[in-house]
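Visitor: I am new to this structure and would like to be taken through it slowly, one question at a time.

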Amino acid sequence: MMGGLARFFAAIGHPVIDSIERLGFASRFFGLILLRSGTSFLRFGLVIREIFSAGVLSMLIIIVSGLFVGMVLGLQGYRTLQTYGSADSLGVLVALSLVRELGPVVAALLFAGRAGTAMTTEVGLMKATEQLSALSMMAVDPMARIIAPRFWGAVIAMPLLAAIFSAVGVFGGYLVGVVLLGVDDGTFWSQMQAAVDFREDILNGVIKSLVFGCVISAIALFEGYDAPPTAEGVSRATTRTVVTSSLAILALDFVLTAFMFKGV
Amino acid sequence: MSNDNLVEIRDLSFAYGNRPILKGINLTAPRGKVIAIMGGSGSGKTTLLRLIGGQLRPDAGTVRVDGQQVDQLNTRELYALRRKMGMLFQFGALFTDLSVFDNVAFQMREHTDLPEALIHDLVLMKLQAVGLRGASQLMPAELSGGMARRVALARAVALDPMLIMYDEPFTGLDPISLGVIGNLIRRMTDTLGLTSIIVTHDIQESLKIVDYVYFVSNGVIEAEGTPAEILASPAPFVHQFIHGEEDGPVPFHYPAADYARDLGLDRRT
């Protein structure tokens, strides 16, 4: 009887303690990244390389997705707005949805799948093939030389990608709304210009994507660094990167939105 | 401590958690010599290298390299010491995103302000020494196992260290590459005035090139001596190891319950 009870508590306690311990490691890891970031800024070339591999190489998927999301917004928005006779506001709808929400969030989700997984597997395999050990035996700190530049590269790339996503999305909405469905060209743009506020909408969107960039790259790098050095270990870590960072993005988006747009 | 010994290990103990790996190891590596640490897989040989390199800290005992007690150093001092060490990892651990040339140049670029023209010459000299100057523009994925090991050797000696540690340098090589790597280790040690510590379980190849051998088993030094002494050693473990016998002090069977009972024979009538 007692044994069963003890096992019951052990079965609950173990995963809880393990998760808290991992969370502790992750926080310490994040702190270390920030602490060892000096090299990244003294040798900014290292960061630029990572902006290329995380950012530029993700552009295609971001542009294509942005275009389609914008086009769908144009179609759906037009149908709904027309019911109330306000199809002229289509530009506002498309732009606000993209800049406030879909741009940062969808771009971040895509980024986690495209660049986050790449970072996890790269770091995980570097660990598995002893490249990280080799670095530290060469008196080169892997945190400063490998991890921190990747972190900053992703943090810088994320808002840029979100901006590109929104811009292409607006163009997609324009294509469908104006070119295809016949909303007036001038109204589309001028209404948009009047309704979208720089600080309230665009800046908040940029802040969101900065936060998402931090979260995705910290999770991706931690999972790679912490992965067991086996094929199975790296593949599990990659999966965890996508799942954890997607959930984190969606949850954080709600929190951030609640704070940013409470007065609107 | 005598200044003739580059590495001195005294009463070294180490455990992963509560699983003891090393139990009171004594070992010295005199300057200019090639030392082999031998033992079966999982006997703690690689752990020993990591302790010398300061990647792990001992639970008891001391590790001294060039007079400095490795586990007492802070990160900056440890990194300063590591600049004087080279390490050859089991499969080379070359940086897969850099060419052979850039791999060998890596430490020079990280740690020195040498002009690129000088680095170019130095790298080609290191690569010439391992016979791979012609491969300088290849990527690591294009190299065979033996070539990768030679590039890693060139990289390890890039900053002219005093100590090189080799983690299983002979594993998975064909007989020709095996001989090439063995001779390179000996020649580099002699011509560059290095000290080499080889961790290996390859008896035949290493006995040809080393000056002194330590046998590690179950966390202790089971036997030690020059290659001639080792070959003549009466110790049962050494005999089993050298002749590759299936059973002996290292049993063939993993500890298990009684065979007949496992098969359920005792319950049959």
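What follows is a conversation about a predicted model, in turns of question and answer.

Visitor: How many helices and strands are there in chain B?
Guide: The C-alpha atoms of chain B fill a box of roughly 85 × 45 × 35 Å along the principal axes, and buried residues make up 38% of its 269 residues. Of the contacts in chain B with a separation of 6 or more, 63% are between residues 24 or more positions apart. As for its elements, chain B has 10 helices and 10 strands.

Visitor: Which strands stand at the edges of the open sheet of 6 strands in chain B?
Guide: In general, strands of a sheet pair through backbone hydrogen bonds, either parallel or antiparallel. The order in this open sheet of chain B is E6-E7-E8-E3-E9-E10, with mixed pairing. Two of these strands have a single partner strand each, so one side of each is left without a neighbour in the sheet; they are strand E6 (85-88) and strand E10 (220-225) of chain B.

Visitor: By how many degrees are neighbouring strands of this sheet turned against each other on average?
Guide: The sheet in question is the open one with the order E6-E7-E8-E3-E9-E10 in chain B. With direction ignored, the average turn between its neighbouring strands is 15 degrees.

Visitor: Which residue in E8(B) stands opposite Tyr166(B)?
Guide: Strand E7 (residues 163-167) and strand E8 (residues 195-200) of chain B pair in the parallel sense, over 5 bridges. Opposite Tyr166(B), in E8(B), stands Ile198(B).

Visitor: At about what angle does helix H5 of chain B run to E6(B)?
Guide: Helix H1 (residues 45-52) of chain B lies across strand E3 (34-38), E7, E8 and strand E9 (212-217) of that chain, and runs at about 155 degrees to E7(B). Helix H5 (residues 145-156) of chain B, for its part, lies across E6 and E7 of chain B. The angle at which H5 of chain B runs to E6(B) is about 170 degrees.

Visitor: What is the bridge partner of Glu8(B) in E4(B)?
Guide: Chain B also has an open sheet of 4 strands, in the order E2-E1-E4-E5, where the pairing is antiparallel. Strand E2 (19-30) and strand E5 (68-69) of chain B each have a single partner strand, so they stand at the edges with one side left without a neighbour in the sheet. Strand E1 (residues 5-16) and strand E4 (residues 60-65) of chain B pair over 5 bridges in the antiparallel sense. In E4(B), the bridge partner of Glu8(B) is Arg64(B).

Visitor: Is Leu122(B) buried or partly exposed?
Guide: Leu122(B) has its place in helix H4 (residues 116-129) of chain B, and its C-alpha atom is separated by 31 Å from that of Ile37(B), 85 residues apart along the chain. A residue counts as buried with 20 or more other C-beta atoms within 10 Å. Because Leu122(B) has 18 of them within 10 Å, it is partly exposed.

Visitor: Against which helices do the buried residues of H8(A) pack?
Guide: In helix H8 (residues 185-195) of chain A the buried residues are Phe188(A), Gln191(A) and Met192(A). Seen down the axis of H8(A), these fall within an arc of 100 degrees, so they line one face of the helix, while on the other side Gly186(A), Gln193(A) and Ala194(A) are exposed. The buried residues pack against helix H5 (90-128) and helix H7 (142-180) of chain A.

Terms used: Residues numbered from 1 in each chain as written. Chains lettered and ligands numbered in written order. Predicted model: local features only at pLDDT ≥ 70, side-chain atom pairs only at ≥ 80, totals over all residues. Helix = DSSP H or I, 4+ residues; strand = E, 2+ residues; numbered from the N terminus. Buried ≥ 20, exposed ≤ 12 C-beta atoms within 10 Å, placed from the backbone. Contact = placed C-beta atoms within 7 Å. Arc of directions from axis to C-beta. Pairing = 2+ DSSP bridges. Axes fitted to C-alpha atoms, helices over the stretch in contact; angles between N-to-C directions.
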